[in-house]
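Ready for a few exercises? Try each task with the viewer open, then read through the worked solution.

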Amino acid sequence: MLLSLSTIKNNRLIALISVLAVVMSLSACAENSANNPKTSKLDLGGDVELIGAGASFPSPLYQTWFTELNKKYANLKVNYQSVGSGASVEQFTKGTVDFGASDVAMKDEEIKKIPADQGVLLLPVTAGSIVLAYHLPDAPNIPGDVATLKLPRAVYVDILLGKIKFWDDPAIAQANPSTKLPKEEIKVIYRADGSGTTDVFTKHLSTISPEWKTKVGNGKSIKWPVGVGAKGNEGVTAQIQQTPGSIGYVEYVYAKESNLKFASLENKAKQFVSASEESAAKTLASVILPEDLRAFIFDPEGEDSYPIVTYTWILTHKKYADAAKAKAIEATIEYALTDGQKIARELGYVPLPANVIAKVAAAADQISPDYQISIGAVPKTTN
C-alpha cells in the first residue's frame, strides 16, 4: 500500500515526538536521581563508617547532622555516641574512636598525649548557652510569669555553694519583687560524669566568685558542695523535671526542648539577660577566636551578652592512616560548616560567624590531600 507524502510526514513527526518524549523522560529520571540524596555517593572507594563519641551538649545537633549527611552520601555513615566530654577525650586519645567532641578545648597536656604522627585539630562547629533551669511547680501564690525569675551572679553562686537554701530567701526575693516565692528547699542538680559543660560552667563561677575559686574550683569533674548528680545533659534535664524545687545547669537546647523554666542571669555589665540564640550570638561577637581555635569565654563583655556561652569542638587528627576515612572526615566537617549551620539555627544552637567558619575550614582542609573543602554555600551571619 502506498502512503501519501502527508501521511509519511505525520508518521515521522509522531516518531520524533515519541523519541523526544523518551529522551525527556530519561533526562527527568537522571535529574531526579541526581537530586535524590540517597543516590549520591562520595568517592571513598566503598562504604565508610566513622565512629565518634563525645559531648552530650551538641548531641541532638550531631545526630541530626549525621542522619542528613547519610542521606546526602549513601556510602558515608557516622555513628556518634553521647558519652560526655571527659570520656570523649580519653577515647580519642586511646584511638578507639575516629573523632571526639568536647564542650571545652583540649588542654596542652592532653594534646601532648596524642601520637605525633597523628596530631590533633580542635574544630569549633557550633556554640550554645548553659542555663540554670529550675522546677517550681505552679501554685496559687506563684504567678505564671515565674519563668522570668532573675538571679544575680552573687545569688546563683551562693545557691550552688549551699549558702542560700530556700527559694524565698531574701536575696532571691529582692531581685524578684513582683514574684511570690515558695518556702521550698532548693535542690541542686549537677553533672555526675566528666563534662565539658561542667568545666565551662565552673570556670565561669571561678571567674566571678573568688570564694568559689578557692573552695571549689573548676574542671570537668569537681566535688560539689551540695546537690545530687545525674549523667549527661539528658540526665540533669530529667532530674530537674522530676524534682520540685530543683535547680541545675544544662545546655539551652535541652531546657528549651523540655519546656524547662530557666533564669535570666546577671552579666558582667550588671544586666539581666535570658539565654537565646540572639544573646549567645552577642557573646560570640565579643570574642576573637585565636589561630589554634581554642577560645575560653569565662565572663564576656557587652550589655546584651549572655554570661555563659561556649563553642563546642569536634576533635580530629591531622593525619589518618586510612585515606578513605581522612576524606570522609573532611566531607563531614564541610557539611557541618555549610548545610549544618542552617540546621544549628533551626535547633536552637548558635551558627558560627562567617570569619570563624573560614578559619575552621582552612584548618580542616589539611586532613585529606584528596579532598578540598568548599564553603561557598555558607549563609552569612550577623556576627
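**Exercise 1. Find the bridge partner of Ile130 in β8, then work out which strands β4 pairs with.**

Step 1. Go to Ile130 and look across to β8: the partner there is Glu251. Before going on, note that this is a predicted model, where local features need pLDDT of at least 70, side-chain atom pairs count only at pLDDT 80 or more, and totals for chains, interfaces and linings use all residues. Residues are numbered from 1 along each chain as its sequence is written, and side-chain values use heavy atoms, with hydrogens and water left out.

Step 2. Place the strands. β8 covers residues 246-251, and its pairing with β4 is antiparallel over 5 bridges. Strands, like helices, are DSSP runs numbered from the N terminus (E, at least two residues, for strands; H or I, at least four, for helices). Two strands pair if DSSP finds at least two bridges between them.

Step 3. Look for other partners. Strand β12 (residues 309-316) is also antiparallel to β4, with 8 bridges, and there Leu122 sits opposite Leu315. Strand β9 (residues 261-262) runs antiparallel to β4 too, joined by 2 bridges; Ala133 has Phe262 as its partner in β9.

Step 4. Check the cover. β4 spans residues 121-134, and 14 of its 14 residues are buried (under 20% relative accessible area; exposed is over 50% and partly exposed is in between, with a 1.4 Å probe and protein chains only).

**Exercise 2. Is Arg294 buried or exposed, and what does its side chain reach?**

Step 1. Find Arg294 in the loop between α11 (277-285) and β12.

Step 2. Use the accessibility: Arg294 counts as buried because its relative accessibility is 18%.

Step 3. Follow the side chain. It comes to 2.9 Å from the backbone oxygen of Met106. The side chains of Arg294 and Asp108 also share a polar contact of 2.8 Å (a pair of N or O atoms within 3.5 Å; within protein, one must be able to donate a hydrogen and the other to accept it, and residues adjacent in sequence count only if both atoms are side-chain atoms).

Step 4. Look around. Leaving out residues up to four places away in sequence, Arg294 touches several residues, among them Ile111, Leu122 and Trp313; contact means heavy atoms within 4.5 Å.

**Exercise 3. Which residues of α2 and α13 make the contact between these helices?**

Step 1. Find helix α2 (residues 59-72) and helix α13 (residues 339-347), whose axes come within 10 Å and cross at roughly 140°. Axes here are lines fitted to C-alpha atoms, for helices over the stretch in contact, and angles run from 0 to 180 degrees between N-to-C directions.

Step 2. List the contact: α2 brings Pro60, Leu61, Thr64, Trp65, Glu68 and Lys72, while α13 brings Asp339, Gly340, Gln341, Ile343, Ala344 and Leu347.

Step 3. Zoom in on Thr64, which belongs to helix α2. Thr64 is partly exposed, since its relative accessible area is 27%. Setting aside residues up to four places away in sequence, Thr64 touches Ile343 and Leu347.

Step 4. Compare sequence and space: Thr64 and Ala344 are 280 residues apart along the chain, and their C-alpha atoms are 9.4 Å apart.
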